[in-house]
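Got your viewer open? Let's take a short walk through this one, stop by stop.

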Amino acid sequence: MLPCYVDGNPPPTVQWYHGGTEISASVPLTRTGSGEYTAEVVNSLGKSITSVNITVEYAPTFKENLLQISVPVGANVDLSCDAEGHPQPHLNWTCDGAHEKETTNHLYIGQIEHNMRCQCTASNYLHSATKEFIIVVVKPSTAVPPAAITTPEAVPQSACPVILTPAEVVVRFGDPLSINCSTSAANVEEIDFIVSFGKKQVEQPLSVSWAVEEVKEWAVNAECFVTLEQNQCSEMPNVIVYKTPDSVSVSADVTQEGAEMVLSCDVTNVAPLQALRVKWYRGNDMVQTEMFNDTSRTPDSAVSTFRTAVMREDNGVEFRCAAELHLGPNGPELVPTVTSSAYTAVVHYKPRIQGCSGHFRGVEGDITIDRLPCHVDGNPPPTVQWYHGGTEISASVPLTRTGSGEYTAEVVNSLGKSSTSVNITVEYAPVFNLESYTQEVYPGENVNLDCSAEGNPPPEISWEYAPADNAMVTGGRQKSIRITGATSTNAGVYVCVAKSKAGRVTRSVTLLMKGESSRVPPEVLWLLPFLLIIIILLVVLLYRTCKKKHGESRFVADRAKDGSDVSIPLTTKHKGVQA
């Protein structure tokens, strides 16, 4: 009848276990069946295991529904209402039809003088049960030892002159125990301890002691009798034997957000249960205390339950329970305590994504979706899928300059889904439209050096060059250099710098000046043919002129002085002068 859902293909088999033993899931559980149950689900592909804690609730019951007690006149009576039930029953007492104020499992009646009829009614939301006590008062001459006198303190001498030292003892199971019994009466015939174990020793005529090296019984029944001349009376010490729990542990089921989480604190093998107090802690804060009314003296186990509504913030919160034995003023100075290990609450809740709505910027090649400040929360842990333009994308792939735009994340787990959108601008370093180059110019020319670059954000353009009076930077974001009437001082390297927060790049223009003598104006080039003809004519004329003036000579034969016709070397005659 548990709301367990089994899934598998091929259809699996399911076997439940309790205390390591196979059980049938269809058999109703009894009051002794509270505890942890484990299910093992198996098919040909594998197996799965889960555990649940079950608390079996039942109506109150008594071991005895009627008890008759005989006591002497003036005796003190302690009635015990040993009701069992879960949830722990509430107790009400009535005696002779009158309601008593006591609501615990003990009713103390002092110095009873007449017969009485008392009832203890135990009830919880399931049912109620009643135990009846018939108290018969007998005369002292009967000398019947009281059957149900369990007083924790010494009785006044007027009732029974027995002095127990101590009258109440709290002892740990296995520890030593020693009690002395004496009397203040003068007419004592005998004093003795009636015990089932341990050693007795008469210390003087009016005193006897009882010692136990190791207490190995849970119900210690010891009674000290005093025989007087006229009657006999006795007193029983109140011996409380305790034992701390073998283990204390917290368990709970996985709970969905908004539902009630039920935590169980299992305290095993502790005594006495009536002294047990379970304290619950959420973190370091105590949130609940539960007490138990079971009067059993032997070790038993108990379960304390803490219920709380949980939200997603409670996932991972630690809960602890502490089992304390409050044994009264005669107990240990430090309350015996065993604390459970911390139980970490598991709360399932729908997924959500936070912290990444809005607009984000990043540098190309460096920005990825999974580096955005997005916080994904959900239990079970959700899957996250990102989309851009309706297409699934990988959150770990760096974005490029074409990736600017809206991105949507879808977060999904078994309880639901959530989505969010962000706008991303991908920034990238500046890129020039042209590479570096060299330009030659003539002196006096006007020169424009342009520079433009693309980038996101748009870059700032600047020039680095040797300043000159005839060079000026113009333009806005895309800047140019204007050189008017270039001279040799303008020759050099002009560096264009494009800079943004995404990066910085440069390109250069090398300006060279051509020599001044090598320049021939265009109009001169048209005159060159004519000049060449004129030069040729001039050369011819000069040649002819020189020939006439310098190149005409005559050769005559001179006679010998003696008048002979003997020839002599000819000489040149220039301007009538013989050489």
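Two strands pair here if DSSP finds at least two bridges between them. Strands (E, at least two residues) and helices (H or I, at least four) are DSSP runs, numbered from the N terminus. This is a predicted model, where local features need pLDDT of at least 70 and side-chain atom pairs count only at pLDDT 80 or more, while totals for chains, interfaces and linings use all residues. Numbering runs from 1 along each chain as its sequence is written, and side-chain values use heavy atoms, with hydrogens and water left out.

Start with everything on screen: the protein has one helix and 48 strands.

Now select 260-270, which is strand E25, and add E23: these two pair in the antiparallel sense over six bridges. Zoom in on Ala 252. Which residue in E25 is the bridge partner of Ala 252? Leu 263 is.

Widen the selection to the open sheet, three strands in the order E23-E25-E28 with antiparallel pairing. E23 (247-252) and E28 (300-309) stand at the edges with a single partner strand each, so one side of each has no neighbour in the sheet.

Next, jump to helix H1, residues 522-550, and pick out Leu 527. Buried or exposed, or in between? Leu 527 is partly exposed at 47% relative accessible area; that label sits between buried (under 20%) and exposed (over 50%), using a 1.4 Å probe and protein chains only.

Last, back out to the whole protein: 34% of its 579 residues count as buried.
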